[in-house]
Amino acid sequence: MADSSGDWCTIESDPGVFTSLIESFGVKNVELTELWSLDDDSLMTLTAPIDGVDNAAVHGLIFLFKWQRQSSSATASLEGRGTPLTGDAVPEGLFFAQQTVQNACATQAILSVLFNARDAIVAQEGAESKDQEDDNGRRLVLGRTLSNFKEFTCHFPPDLRGEAIGSSDEIRTAHNSFGRSEDAFLSDPTKPKRIATDDDDVFHFIAYVPHENGCVYELDGLQQGPIQVGECKKDEADKDQWIKVARDAIQARLSNYSPTEIKFNLMAIVQDRRTYLNERLDALAAIGVEENDPAMVQIQSELHAEEEKRAQWALENARRHHNYLPFCVELLRSLAGSGKMDGLMNKAKTRAAEKRQRQQKS
């Protein structure tokens with residue numbers, strides 16, 4: 001969290017926001033989904049979300065937690081997370097970038113997953129990604145913007161990769177497009193930005209990804225390097241065993257907090273649900289199942305629900321982009337000018353007092 005934050009804003013931890021963000025980079029075949037539990041059944045729904053699909057792609061996990069001073073210190077090994085790997089100790093092909101600007105940790109954690117996705121389709125100069133086989137949506141399509149960035153920074157050390165992310169106009173512009181307009185409206189450009197103190201709640205994003213060497217890594221931009229959190233057996237019957245390894249590492253982190261602490265969020269970057277729903281429809285149609293068959297109707301209903309979810313995400317993102325403060329200020333000014341403000345304020349105070357009395361009696 002360096003002072004050279006540029007003008008990166010904070011963005012909301014929300015699957016609709018993050019999915020729209022990565023799609024704005026040109027990434028295809030993926031979406032983000034929230035995990036509300038870490039039990040085996042919940043993890044299984046990531047790879048086997050519907051009947052007939054048991055190998056949906058899971059590319060990585062994004063974990064949001066309240067940052068503690070020791071979280072980014074050299075005491076990582078005391079928390080059971082191992083020692084950050086640097087230099088030649090970093091596995092070949094593992095993308096890791098240090099965070100060098102403030103407020104970029106969300107996008108940086110997402111990029112850590114995307115750049116380490118197994119079998120991702122990287123756009124080639126002069127070739128169209130759509131011409132490459134994406135295995136019915138299981139392979140992530142990285143898109144031109146991120147493909148070029150990954151190629152440009154492939155030989156950079158972690159600190160320069162972080163600087164490259166912070167200096168990328170395309171990445172920063174996409175990130176900031178999901179900030180709330182009222183943040184800029186309320187800020188005073190003539191005054192220095194407020195620096196968080198120890199009394200403030202500061203939140204941080206990190207990523208968990210598998211690697212082809214059979215190990216699982218925690219990618220935290222505030223560390224000097226990736227941290228190996230465990231190994232997983234290369235078992236064809238349990239290709240995503242790595243998720244359970246990452247789950248154990250997350251639970252170890254949670255054990256360092258008070259049992260009453262609930263300010264956490266966990267999301268997975270997974271295969272776009274629409275891809276395997278359409279694949280399932282095609283498979284049923286290929287064996288002669290009629291459109292009015294209950295199995296077909298069920299999948300079509302789920303596919304319709306997915307499209308409605310995307311439409312709702314788009315609506316919510318539009319509302320996030322819109323600045324409502326000028327309207328609110330003008331409304332208050334009009335009420336005051338018409339002489340109605342005092343009466344409305346008195347009614348509000350009366351209702352608040354009555355509510356407090358009801359609460360005290362109950």
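This passage describes the fold, the nonpolar cores, the aromatic residues, one helix and several loop residues of a predicted model.

The secondary structure of the predicted chain comes to twelve helices and six strands. Of its 362 residues, 42% count as buried. When contacts in the chain with a separation of 6 or more are considered, 73% of them are accounted for by residues that stand 24 or more positions apart.

The largest nonpolar core contains 46 residues, and within this core F18, I62, L114 and L146 touch the most other members. The element that gives the most to this core is helix 3, spanning residues 105–115, which supplies eight residues. For L114, once neighbours within four places in sequence are left aside, the contacts are with I22, V27, L140, L142, L146 and I269. Apart from this core lies another one, of 22 residues, and its members include L46, V58, C232 and L266.

The surroundings of L266 can be described in further detail. This residue is placed in strand 6, which covers residues 265–271, and L266 counts as buried because its relative accessibility of 7% falls under the 20% limit. Although L266 and L35 are 231 residues apart along the chain, their C-alpha atoms are separated by 5.6 Å. With residues up to four places away in sequence not counted, L266 touches T33, E34, L35, L38, L61, I62, F63 and I250. The list of residues touched by L266 thus includes I62 and F63, of which I62 is among the residues that touch the most other members of the largest core, while F63 takes part in an aromatic cluster.

The structure holds seven aromatic pairs. In one of them, the rings of F63 and F65 have centres 5.6 Å apart and planes that meet at 25°, and the pair is therefore classed as stacked, since this angle is under 30 degrees. Both F63 and F65 are buried. A contrasting geometry is found for Y257 and F264, which form an edge-to-face pair with 5.1 Å from centre to centre and 85° between the planes. The two members of that pair also fall into separate accessibility classes: Y257, at 11% relative accessibility, counts as buried, whereas F264, with a relative accessible area of 24%, is partly exposed. These four residues, F63, F65, Y257 and F264, form one aromatic cluster. In addition, R253 lies over the face of F65, at 4.4 Å from the ring centre.

Helix 10 comprises 28 residues, from 294 to 321, and its length can be checked against expectation: at 1.5 Å a residue the helix should span 40 Å, and the 41 Å between its end C-alpha atoms agrees with this value. The N-terminal end of helix 10 is capped by D293, of which a side-chain oxygen lies 2.9 Å from the backbone nitrogen of A295. Along helix 10, the residues M296, I299, L303, E306, R310, W313, N317 and R320 are buried.

Two loop residues illustrate opposite accessibility classes. K233, located in the loop between strand 5 (227–231) and helix 8 (242–254), is exposed, because its relative accessible area of 69% is over 50%. The C-alpha atom of K233 is separated by 6.7 Å from that of G214, a residue 19 places away along the chain. E261, by contrast, is found in the loop between helix 8 and strand 6 and is buried, with a relative accessible area of 18%. The side chain of E261 is joined to that of K66 by a polar contact of 3.0 Å.

Backbone geometry draws attention to two further residues. Most residues other than glycine have a negative phi. N29, however, has a phi near 75°, a positive value in a residue that is not glycine, and D119 likewise has a positive phi, of about 60°, without being a glycine. N29 is placed in the loop between helix 1 (15–24) and strand 1 (30–34), and with a relative accessible area of 14% it is buried. D119 lies in the loop between helix 3 and helix 4 (144–153), and with a relative accessible area of 58% it is exposed.

Conventions. Residues numbered from 1 in each chain as written. Predicted model: local features only at pLDDT ≥ 70, side-chain atom pairs only at ≥ 80, totals over all residues. Heavy atoms only, no water. Helix = DSSP H or I, 4+ residues; strand = E, 2+ residues; numbered from the N terminus. Expected span 1.5 Å × (residues − 1). Buried < 20%, exposed > 50% of the residue type's maximum accessible area, 1.4 Å probe, protein only. Polar contact = N/O pair within 3.5 Å; in protein donor to acceptor, adjacent residues only side chain to side chain. Phe/Tyr/Trp six-rings, centres within 6.5 Å; stacked < 30°, edge-to-face > 60°. Lys NZ or Arg CZ within 6 Å of the ring centre and 35° of its normal. Core = buried A, V, L, I, M, F, W, Y, C linked by side-chain atoms within 4.5 Å. Contact = heavy atoms within 4.5 Å.
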